[in-house]
Amino acid sequence: MKVVQVEHASGSYPVYVGQGLLGMPGIWERHLDGRVLVVSDETVAAHHLGRLAPVLEAHGRHREVILPPGEENKTVAQWQRVIDELVHLGAQRDATVVALGGGVIGDLAGFAAASYMRGIRVVQIPTTLLAQVDASVGGKTGVNHTDGKNLIGAFHQPVAVVADLDTLATLGNRDYRAGLAEVVKYGAIRDPHLFAWLEANADALASRLPDMLAECVYQSVRNKSEVVADDEREAGQRALLNFGHTFGHALETVTGYAQYRHGEAVAIGMVLAARLSELLGMAETGTADRLHDLLDRLGLPTRLPDDISRTALLKRMRLDKKNRADQIRLILLESLGRAVVRSCPADDISEVLNQS
Ligand SMILES: NC(=O)c1ccc[n+]([C@@H]2O[C@H](COP(=O)([O-])OP(=O)(O)OC[C@H]3O[C@@H](n4cnc5c(N)ncnc54)[C@H](O)[C@@H]3O)[C@@H](O)[C@H]2O)c1
C-alpha cells in the first residue's frame, strides 16, 4: 500500500492506494467515527458493498443508502434521499458518510456530507479509475441542476480516500480507458516523467496489469494533490487540470452527453489543444502526434467524428463566461509536461477543428 498525504488550508488527509484495502481494519478504525452512512449505487453495491460488511459490523451503528447509477441521478432529489437517511440514522455532527462508488456517488455523497449540519466527515472510496485518479481528491462536491452540470455544490475535503485497486476489476473497459485519459492529462500538463512512463508501459496499462495500475493511480494522486494543495479553490494552477476540457465539454454537450464518456471527449480535446499549441507556435512540431499516439495505444478516441458540426462546437466554446470578444481561454502546451493558460483567437481554433 502507498499513501499520499494531501494538504489543504485547514489540515490534511491520506489517500491510500493499494489492493485489499476495503477489508483492512487498520485503516477504518482511524477514519470512521460516530454513526456511519454508506452511500453507493446499485451496480457498485452489488459488487463491492459486501467487502465492507465486516468493517461496518465491527464499527457499530450504521445504515446504507443505495441509489440508482448514472450521471442522470446526480440530482437534488437523490441528495435529499441521502440527507433523509442521515436524519433517520440519528446522525450527529460526529457522524461519517462513506461514499462507495464512482465520481457521481463521490460528488453527491460528498455534498450531502458538506451540507448536513453544516458539514460532517466523509470518507471517499472511489471505485472507477476516473474517481481514483481525479474526482475523489481535492474536495469538490456537488450535484447537477437541470440547467447545468455541477451547478450546486461546495468545497468539502474528505477525512480519507481509500483507493482499493481490487474494485477496478469489475469496471467495464470503456470506463477504465476513460480514466486513463485523465492520467495522460497529468503527464501532459506537468509531469514529463509520468508521460514517458505511460509511453513505455501503454500496452501493460491497456491490459490492466496490477503493478502498473498501482503506479498509475499513485502518480496521478500525487500530481493532483500537489496541484490542489497549491490552489485549493481554483485561482491559478488548478485551472491547468482543465487541459482538453473546453474542447471536450463542447463535444459532450453537442452530442447530448450520450455518445462519449467524459474521458473520451477529453482525449479528443487534448489532441485538439495540442494541435492548436503547435499552430500558434507555442509547442514544437510533433508534440500533438506524440500525444495522439499514446492515447491511441491506450484505446482512446483521438479525432472528431466527421458528422459533428465544427461550427456548433466553436459556438459552444464561445459560451464560456471567461471569454472576451473573439478570444477563447484555453489550456495549451509549451511541451509535453508543461501547460499554460492562453486566450486564443477563434479563427485559429476553427482551423484546428476543421482539420481534425
Ligand atoms: N469532484 C471532482 O473533482 C470531479 C472530478 C472529475 C469528475 N467528477 C465527476 O465524476 C463523475 C464521473 O465519474 P465516473 O466516471 O466515475 O462516473 P460514475 O460514477 O457514473 O461511474 C460510471 C459507471 O460505472 C459504474 N461503476 C462504478 N464503479 C464500478 C466498479 N468498480 N465496477 C463496475 N461498475 C462500476 C457506475 O455504477 C456507473 O454506472 C461526473 O459526475 C463528474 O462531474 C468530479
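**Loops, cores and ligand surroundings in a predicted model**

Met117 sits in the loop that links helix 4 (103-115) to strand 6 (121-126). The structure described here is a predicted model. Although Met117 is not a glycine, its phi is positive, at about 50°. Most residues other than glycine have a negative phi. With 33% relative accessibility, Met117 counts as partly exposed, because that class covers values between 20% and 50%.

Tyr257 is another case to look at. This residue lies in the loop between helix 9 (245-254) and helix 10, and its phi is positive too, at about 60°, even though it is not a glycine. The relative accessible area of Tyr257 is 46%, so it is partly exposed.

Now for the inside of the protein. In soluble globular proteins, nonpolar side chains tend to be buried together. Here, the largest nonpolar core has 75 residues. Val15, Val184, Phe243, Phe247, Leu291, Leu330 and Ile349 are the ones with the most contacts inside it. Helix 10 (residues 262-279) supplies the largest share of this core, namely 10 residues. Residues come from both domain 1 (2-170) and domain 2 (188-355), so the core lies between the two. A second core, separate from that one, has 24 residues, including Leu86, Leu89, Ala113 and Val122.

Phe247 gives a closer look at the packing. Leaving aside residues up to four places away in sequence, Phe247 touches Gly269, Leu272, Ala273 and Leu276. It also touches Met317, Leu330, Ile349 and Leu353. Two of these partners, Leu330 and Ile349, are themselves among the residues with the most contacts inside the largest core.

What about the cysteines? Cys216 has 0% relative accessibility and so counts as buried. Cys344 is likewise buried, at 0% relative accessibility. As for disulfides, the count comes to zero, with a pair of sulfur atoms needing to be within 2.5 Å to qualify.

That leaves the ligand, which has 25 residues around it. Asp41, Glu71, Thr127, Thr128 and Thr170 come nearest. For Glu71, a polar side-chain atom lies 2.6 Å from an oxygen atom of the ligand. Lys74 also places a polar side-chain atom by a ligand oxygen atom, with 2.8 Å between them. With Val104 it is the backbone that takes part: one of its N or O atoms lies 3.1 Å from an oxygen atom of the ligand.

Note on methods
Residues are numbered from 1 along each chain as its sequence is written. This is a predicted model: local features need pLDDT of at least 70, side-chain atom pairs count only at pLDDT 80 or more; totals for chains, interfaces and linings use all residues. Side-chain values use heavy atoms; hydrogens and water are left out. A nonpolar core is a set of buried Ala, Val, Leu, Ile, Met, Phe, Trp, Tyr and Cys residues joined through side-chain atoms within 4.5 Å. Buried means under 20% relative accessible area, exposed over 50%, partly exposed in between (1.4 Å probe, protein chains only). Helices (H or I, at least four residues) and strands (E, at least two) are DSSP runs, numbered from the N terminus. Domain bounds come from an automatic or database domain assignment. Contact means heavy atoms within 4.5 Å. A residue is near a molecule or strand if one of its heavy atoms lies within 4 Å of it. A polar contact is a pair of N or O atoms within 3.5 Å; within protein, one must be able to donate a hydrogen and the other to accept it, and residues adjacent in sequence count only if both atoms are side-chain atoms.
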